[in-house]
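Colleague: Could you take me closely through one part of this model, a place where two helices meet, and set it in the context of the whole protein?

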Amino acid sequence: MKTYFSRWVLAGILIMASLAGCGGGSGGGGGTPAASTVVKGTVSAGIIYPGTVYVYAVTAAGAKGALLAGPVATNIDGTYNASLGPYSGAILLEASGTYTDESTGHTVTITAANPLRAMVDSVDNSTKNNRIASITPLTDLAWHKASKNGTTPTPTTAMQGANKLVDDLFRITDIIGTEPVRPDNASMANASQEAQAYTLALAALSNLASTASGTTDEDKLNSVLTSLEVETEDAESSGSMSSGAITSYESALTAVPLCADFPSARDQLLGMGKKPQIVTMAISGTLPAGTKIYAIQGTIALPVNTADNQLLVSLLADSNGKTLSDVLLLTGTAAGMAAAEPVATFLIPQRQMNFSIILSPTGAGIGTGDFAALTYYVSSSVAVTAADFSVVSGSLAVKDAAGADIAGLTLILK
């Protein structure tokens, strides 16, 4: 019995070893399969469900390439998740399906023949994996701008430029990377201000579409997007959409019932249609020998119309006045040296902005010269330049590696 038992054990061991050697259950070859590139996000014009997403490769020249994934179904909240295999590069996403129009209550169908589109400049299975890619009328507007209604290739530079232009004109920090939510109080209450603002922006488009020309609700939405495409083209060169387009959009926005419940998100969107402007911040003066700058703090007085004492500019900020992440950005040698994200607070009643920049103590520090860029929007028809901003007297503090004040330096806005 011992002999037979030993033979069965030995046979089992040999079979197990044979299977392991042949790669049994592991896909063969004994190597580790390449991680799949995943893209995910939300499809919304309101929330599109049921919906279908297709993901296509984009060639280096900007042409629509092979199908990478699809049909991928949307979930009840409009989200989707698509696996692209080991693909690396730019992608084009197309989505169709149905949603409930925020303004009319109608069920609207986005057809596969005329889908909503979104462009993502780069995905891969490592540093750019699991990228968020929302698909909305605003991402579709960017696609129309970049591709001239599908007649022109969209290389990555065109994708980036068009997405950023629509970001700027509609005051959404990232139309691709931000996910809108269902336009109801419960969903909005649990969302970030950026998601709230995006949701309100889409609801405003629904309001505009409700009175636009067209036989179907889809036709009306396309009519609005066609009009906005022209306005976007004009704004790229002139810096602003027409006053009529801005007024119509803001009227449609303030008519959205949710605006009253989420005023900070609403205020973020007011004044849309204008490209942002930038003030460059620089430190001037002479540093003591061997000294580097590790912290800069101060207060900037914002431009005010002397005729009515109203602010001439706005900064994108949350309900507490903290500016959004791309309002104050480090530049030049300071870029990448921050110990944490620069802090800036928009003080609306005081018509000022406080800021604090702290560089990593393990870094090399910076010298004098340009160190940051402040992005602002002009909130009226009055021209505004860097000369209209000023540094509040006595507010500037520049510190060295030990945290000691460095005397004799000034903050220049240009």
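Modeller: What follows begins with the whole protein, turns to one helix pair and ends with a small sheet. Please keep in mind that this is a predicted model. The protein has eight helices and 20 strands, and its C-alpha trace spans about 100 × 70 × 45 Å along the principal axes. Of its 414 residues, 46% are buried, while the accessible surface comes to about 18900 Å², with 56% of that belonging to carbon and sulfur atoms.

The part to look at closely is the meeting of helix 5, residues 193–210, with helix 7, residues 243–254, whose axes come within 8 Å and cross at roughly 110 degrees. Because angles of 65 to 115 degrees count as roughly perpendicular, helix 5 is roughly perpendicular to helix 7. On the side of helix 5 the contact is made by L200, A201, A204, L205, N207 and L208, and helix 7 contributes S248, Y249, A252 and L253. Sorted by class, this contact has eight nonpolar residues and two polar ones, with no charged residue taking part.

For the strands, one example is an open sheet of three in the order 4-1-8, with mixed pairing. Its edges are strand 4 (79–83) and strand 8 (131–132), each of which pairs on one side only. Strand 1, residues 38–42, runs parallel to strand 8 and is joined to it by two bridges, and here K40 stands opposite I132 of strand 8.

Technical notes:
Residues numbered from 1 in each chain as written. Predicted model: local features only at pLDDT ≥ 70, side-chain atom pairs only at ≥ 80, totals over all residues. Heavy atoms only, no water. Axes fitted to C-alpha atoms, helices over the stretch in contact; angles between N-to-C directions. Helix = DSSP H or I, 4+ residues; strand = E, 2+ residues; numbered from the N terminus. Parallel < 35°, antiparallel > 145°, perpendicular 65-115°, else oblique. Contact = heavy atoms within 4.5 Å. Nonpolar A, V, L, I, M, F, W, Y, C, P; charged D, E, K, R; others polar. Buried < 20%, exposed > 50% of the residue type's maximum accessible area, 1.4 Å probe, protein only. Areas by Shrake-Rupley, 256 points an atom, 1.4 Å probe, with all protein chains shown as cover. Pairing = 2+ DSSP bridges.
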